[in-house]
Amino acid sequence: MESASNSFVSQKSYHTFGLRSSLSSINAGADGKFRFPLGRAMAPELRNEPKLVHGEAGYVLEDVPHFVDYIPDLPTYPNPLQDNPAYSVVKQYFVNIDDTVAQKIVVHKSSPRGTHFRRAGPRQKVYFESDEVHACIVTCGGLCPGLNTVIRELVCGLSHMYGVSRILGIEGGYKGFYARNTVHLTPKSVNDIHKRGGTILGTSRGGHDTSKIVDSIQDRRINQVYIIGGDGTQKGASVIFQEIRRRGLKVSVVGIPKTIDNDIAVIDKSFGFDTAVEEAQRAINAAHVEAGSVEHGIGVVKLMGRYSGFIAMYATLASRDVDCCLIPESPFYLEGKGGLYEFIEKRLKENGHMVLVVAEGAGQELIAESMRSMDHEDASGNKLLLDIGLWLSQKIKDYFSSKKKMTINLKYIDPTYMIRAIPSNASDNVYCTLLAQSAVHGAMAGYTGFTVAPVNGRHAYIPFYRITETQNKVVITDRMWARLLSSTNQPSFLSQNAIEEAKKEEEPPTQLLEGENSTNHHDEELFSSANQPNFLSHNATEVAKKEEKPPTQLHEENGVANKPSGCCFRWCSSISAM
Ligand SMILES: Nc1ncnc2c1ncn2[C@@H]1O[C@H](COP(=O)(O)OP(=O)(O)O)[C@@H](O)[C@H]1O
Ligand SMILES: O=P(O)(O)OC[C@H]1O[C@](O)(COP(=O)(O)O)[C@@H](O)[C@@H]1O
Ligand SMILES: [Mg+2]
């Protein structure tokens, strides 16, 4: 462990440019290509306005900030990856600077091309020399499977791909910047951490003091900040970035989206979600076994999902043992025709038992009606929820014993923290690896103020505001919720009027549906992450390069040829990216 006061600080190349000097370069875009409207008092990127580039046929690039937007005359260096043997087999390893990723891929003949994001991946030129980089990593908010994998892969990516050796772990979330010690991270020290749940750095809610955090970054001469966390964390990262840019610092601020609830907007999915859905099966199985072993058995399982019911929805679809799934997005009622009690009674009569999955944020308004609502918040300002699982279990017991005089046998299982605290599964581990590598490539290339994530199966750099302006929610008028309703045959709890209203409110479902993503080859990343020899002679490499088509073509072909069929998860193949 290293204390904040004695951390090693290099004086080399730590740029601090005042606002005045930064204004001289405001019309040059990230790659010196794009230009912003002239004749304004201050550049858009200094006023937190979107950095938009318009192209033909309604094409819009929602670009991310870059050092050259506010720091003039920065030197660039060749990317050290060009001499890395793991990557020498790849014909076009570096991403074309004009590559962008479409936000919507379901289009019609006459559709405008729409919003795009900058494609993630390694660039030919970088804005840091290896020994100049002083990186730090922080984890904030609730736990999520995969946090340790992302930390590991950031450290290994920085070290193995870019020769960076100065990497600090900030302990205990945002407040750790100014109130806790730091820990020096090396590939050796993080070697096994992906096998453990939680985060080796610790985490916290609250404690976001922007100026103290940026002072700490500046004092320690940190120039790459990797911030792993959910929607709240990304809001915090955004204000840190704004302050850093206001001070004119050459410090890259990179957000890595983490949320077990999968409630972050724009992105395909967040890491840990797959693991959570898988682990939830164990609780659902247990509930099913318990319920099926007794007369009129009811198994109730509570899953996480404060404002979004994705875990509950996917766990239900995956299990096939669930009779009813309740989520925050779909209000329900208990009594009367079409209500929950009526449905439970029907299922018990038909099957003798039933399983109910409830997301923690579901039915909060119902509990609030029957209990005195406590409008409490946690340290980060998130609403503290009343326990729907316990409350609902009690209501069901009361109803059947006093109103129906029917003996039921209800078992309530709350596996929420057990699900959140496990290590990530194989699929999430690969996802975390690619995510961390994309983050490192972006920072090395001089981009800043962005969140990295897959969009339609390709990793992209997304401006913070796009991630934080809305939350991802289950669309109850979309096909996936309809699939769930049809698989459980539960009531929709909606009147015809409410359905019409919901349809009007929701965006048309032009987002990804099943099987629309492509699977791509990632052998190059795998060679690099294992640091193994590629066992190819120079000749073989050259021959392979001639035989292969450039990766962009390959990707496109795979997009058509490798469409998975019959897969019900919209992002099942979307971990390809980059
Ligand atoms: N609007 C905001 N501005 C700045 N910091 C924020 C904001 N919202 C949350 N944070 C900070 O982000 C961190 C994590 O937020 P939290 O909501 O607990 O988790 P998550 O990031 O997983 O949503 C906390 O330290 C919190 O203080
Ligand atoms: O008890 P804690 O640590 O506040 O966490 C509970 C909350 O964490 C969550 O997993 C979401 O966490 P984040 O906001 O950190 O993504 C919710 O599902 C749950 O309500
Ligand atoms: Mg959150």
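Here are legends for four close-up views of this predicted model, two on the ligands and two on a sheet with its helices.

**View 1. Ligand 1 and the residues around it.**
Let's start with ligand 1, which has 16 residues surrounding it. The closest are R205, G206, D231, T233 and S380. For your polar-contact list, an oxygen atom of the ligand sits 2.6 Å from a polar backbone atom of G206. D231 joins in through its side chain, where an N or O atom is 2.6 Å from a ligand oxygen. G232 uses its backbone instead: a polar atom there is 3.1 Å from an oxygen atom of ligand 1. On its own, ligand 1 exposes 560 Å², and the protein buries 82% of that. Sorted by class, the shell comes out at 11 polar, 4 charged and 1 nonpolar.

**View 2. Ligand 2 and the residues around it.**
Next up is ligand 2, with 13 surrounding residues. G142, D261, E360, Y417 and R420 are the closest of them. Two side chains to pick out are those of K258 and R306. K258 places a side-chain N or O atom 2.9 Å from an oxygen atom of ligand 2, while for R306 the matching side-chain distance to a ligand oxygen is 3.1 Å. G305 contributes from the backbone, with an N or O atom 3.4 Å from an oxygen atom of the ligand. Taken alone, ligand 2 has 480 Å² of accessible area, and the protein covers 84% of it. And the make-up of this shell? It has 6 charged, 4 polar and 3 nonpolar residues.

**View 3. An open sheet of 4 strands.**
Now for the sheet, where the strand order reads β13-β14-β12-β15 and the pairing is parallel. The edges are β13 (324–326) and β15 (409–413), each of which pairs on one side only. Direction ignored, neighbouring strands here are turned by 15° against each other on average. Zoom in on β12 (residues 297–303) and β14 (residues 353–359): these two run parallel and are joined by 7 bridges. Within that pairing, V301 stands opposite V357 of β14. As background, strands in a sheet pair through backbone hydrogen bonds, in either a parallel or an antiparallel manner.

**View 4. Two helices lying across the sheet.**
Last, here are α8 and α10 with the strands they cross. Helix α8 covers residues 340–351 and lies across β12, β13 and β14. If you're setting up axis vectors, α8 runs at about 145° to β14. Helix α10 (residues 388–403) lies across β12, β13, β14 and β15. The angle between α10 and β15 is about 175°.

Terms used. Residues are numbered from 1 along each chain as its sequence is written. Chains are lettered from A and ligands numbered from 1 in the order in which they are written. This is a predicted model: local features need pLDDT of at least 70, side-chain atom pairs count only at pLDDT 80 or more; totals for chains, interfaces and linings use all residues. Side-chain values use heavy atoms; hydrogens and water are left out. A residue is near a molecule or strand if one of its heavy atoms lies within 4 Å of it. A polar contact is a pair of N or O atoms within 3.5 Å; within protein, one must be able to donate a hydrogen and the other to accept it, and residues adjacent in sequence count only if both atoms are side-chain atoms. Accessible areas come from the Shrake-Rupley method with a 1.4 Å probe; for residues, only the protein chains shown count as cover. Ala, Val, Leu, Ile, Met, Phe, Trp, Tyr, Cys and Pro count as nonpolar, Asp, Glu, Lys and Arg as charged, and the others, Gly among them, as polar. Two strands pair if DSSP finds at least two bridges between them. Axes are lines fitted to C-alpha atoms, for helices over the stretch in contact, and angles run from 0 to 180 degrees between N-to-C directions. Contact means heavy atoms within 4.5 Å.
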